[in-house]
Amino acid sequence: MSHDDSTHTVLPSPLPRWRTRPETGADRASVHAVNAAAFETSAEADLVDALRTDLDAWLPGLSYVAEAPDGSIAAYALITRCRVGDAPAAALAPVAVAPEHQRRGAGQAVVRAVLDAARLAGEPLVLVLGHPEYYPRFGFVPASRYGIRASFDVPDEAMMALRLDARGEVPPGTITYPPAFGV
C-alpha cells in the first residue's frame with residue numbers, strides 16, 4: 001500500500017509557541033517598555049524597577065519573559081517576596097503582555113513558566129490580585145479559602161492564592177506587600 005502525502009493537511013497552530021526564560025540584565029529596558037505599554041500608566045513599569053532595588057523583596061530567578069518569534073520581549077511576569085502574617089509567601093505582580101501580543105498565549109506561557117520556577121525554588125504559596133476569570137486556569141483560588149486577606153479593600157474573588165507545595169499548612173493572616181507596592 002502506497003502512502004500519498006498530498007492527502008494530509010497540517011493545520012496551522014492557532015497560537016504561537018512562546019519561548020520563556022528568566023529575565024537577563026539585557027532585557028531590562030524591554031521589560032520596562034512592555035510593562036509601560038501593557039497598562040494605562042507607567043506605574044507597573046516603575047514598580048518593577050523599584051522592586052529590583054529591594055533586596056528583601058527581589059527573588060533571583062523569578063523574573064520571567066516570553067519572547068516573540070523575532071526574539072523581542074512579548075510578555076513579562078514577576079514573583080517577589082511578600083508575607084502572610086509572619087510567614088514568607090510570594091506575590092505574582094505584575095504580569096504584562098505587549099499590546100500586539102495580547103490574547104495569543106504569551107501571558108499564559110510566561111505565567112506558567114514563572115510559577116514553575118517558583119515551585120522549583122521551593123516557594124510554597126503564591127498570591128495574586130487579578131482578574132478572577134483569568135488566574136483560576138493556573139490553579140489560583142480565592143485566598144479567603146485559606147484565611148488570607150489583603151490589608152485594603154479588594155473583591156474576595158480578585159485576591160487569589162495558589163499552593164505550590166501541598167506539604168505543610170497554608171498560613172492564614174493578612175498579606176504584607178513590599179513597600180514599593182504602596183499598600
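Among contacts in the chain between residues at least 6 apart in sequence, 65% link residues that are at least 24 apart. This figure, like every other value below, comes from a predicted model. The chain has 183 residues, and buried residues make up 43% of them. Three helices and nine strands are found along the chain, and reading from one end of the sequence to the other gives the pattern β-α-α-β-β-β-α-β-β-β-β-β. Along its principal axes, the C-alpha trace spans about 70 × 40 × 30 Å.

A good place to begin looking inside is the nonpolar core. In soluble globular proteins, nonpolar side chains tend to be buried together. Here the largest nonpolar core holds 30 residues, and the members that touch the most others are Ile-79, Leu-92, Leu-115, Val-126, Tyr-135 and Phe-140. Two or more residues of this core come from each of β2 (58-67), β3 (73-84), β4 (87-97), α3 (106-120), β5 (125-129) and β8 (159-163). Helix α3 supplies the largest share, eight residues. Leu-115 shows how such a core is knitted together: with its neighbours within four places in sequence left aside, Leu-115 is in contact with Ile-79, Val-126, Phe-138, Phe-140, Leu-162 and Leu-164. There is also a second, separate core, made of 14 residues, with Leu-125, Ile-148, Met-159 and Ile-175 among them.

Aromatic rings offer another way to follow the fold. How many aromatic pairs does a search of the whole structure find? The search finds six. In one of them, the ring centres of Tyr-134 and Phe-138 lie 5.5 Å apart; the pair counts as edge-to-face because the ring planes meet at 65°, and the cut-off for that class is over 60 degrees. Phe-138 has a relative accessible area of 10%, so this residue is buried. Phe-152 and Tyr-177 give a contrasting geometry, with ring centres 6.4 Å apart and planes at 40°, which means that the pair is tilted. This second pair links distant parts of the chain, since its partners are 25 residues apart: Phe-152 sits in the loop between β7 (148-149) and β8, and Tyr-177 in the segment after β9 (173-176). Phe-152 counts as partly exposed because its relative accessibility is 24%, whereas Tyr-177 is buried, at 11% relative accessible area. Beyond single pairs, one aromatic cluster is formed by Tyr-134, Tyr-135, Phe-138 and Phe-140.

The next feature is the empty space in the model. Rolling a probe the size of a water molecule over the atoms shows where empty space is left. The largest pocket contains about 1,000 Å³ of space. Its lining is made of 32 residues, and those closest to the pocket centre are Phe-39, Val-95, His-131, Tyr-134 and Tyr-135. Tyr-134 and Tyr-135 are also members of the aromatic cluster, and Tyr-135 is one of the core residues that touch the most other members. Four elements, α2 (43-52), β4, α3 and β5, each give two or more residues to the lining. Which element gives the most to the lining of the largest pocket? Strand β4 does, with seven residues. By chemical character, the lining residues divide into 21 nonpolar, six polar and five charged.

Some details of the backbone deserve a look too. Most residues other than glycine have a negative phi, and most peptide bonds are trans. In strand β4, which contains Pro-94, the peptide bond from Ala-93 to Pro-94 is cis, with omega near -5°. The loop between β4 and α3 is home to Arg-103, a residue other than glycine whose phi is positive, near 65°. Is Arg-103 buried or exposed? Its relative accessible area is 79%, so Arg-103 is exposed.

The loop between β4 and α3 also holds Pro-99. With a relative accessible area of 42%, Pro-99 is partly exposed, because that class covers the range between the buried limit of 20% and the exposed limit of 50%. Pro-99 and Phe-39 stand 60 residues apart in sequence, and in space their C-alpha atoms are 9.2 Å apart. Pro-99 touches Ala-37 and Ala-38, when residues up to four places away in sequence are not counted. Phe-39 itself appeared above, among the lining residues closest to the centre of the largest pocket.

Key: Residues numbered from 1 in each chain as written. Predicted model: local features only at pLDDT ≥ 70, side-chain atom pairs only at ≥ 80, totals over all residues. Heavy atoms only, no water. Core = buried A, V, L, I, M, F, W, Y, C linked by side-chain atoms within 4.5 Å. Buried < 20%, exposed > 50% of the residue type's maximum accessible area, 1.4 Å probe, protein only. Contact = heavy atoms within 4.5 Å. Phe/Tyr/Trp six-rings, centres within 6.5 Å; stacked < 30°, edge-to-face > 60°. 1 Å grid on protein atoms, 1.4 Å probe; cavity = no way out; pocket = protein on both sides within 12 Å on 5 of 7 lines; lining within 4 Å. Points joined across faces, edges and corners; volume = space filled by probe spheres on them. Nonpolar A, V, L, I, M, F, W, Y, C, P; charged D, E, K, R; others polar.
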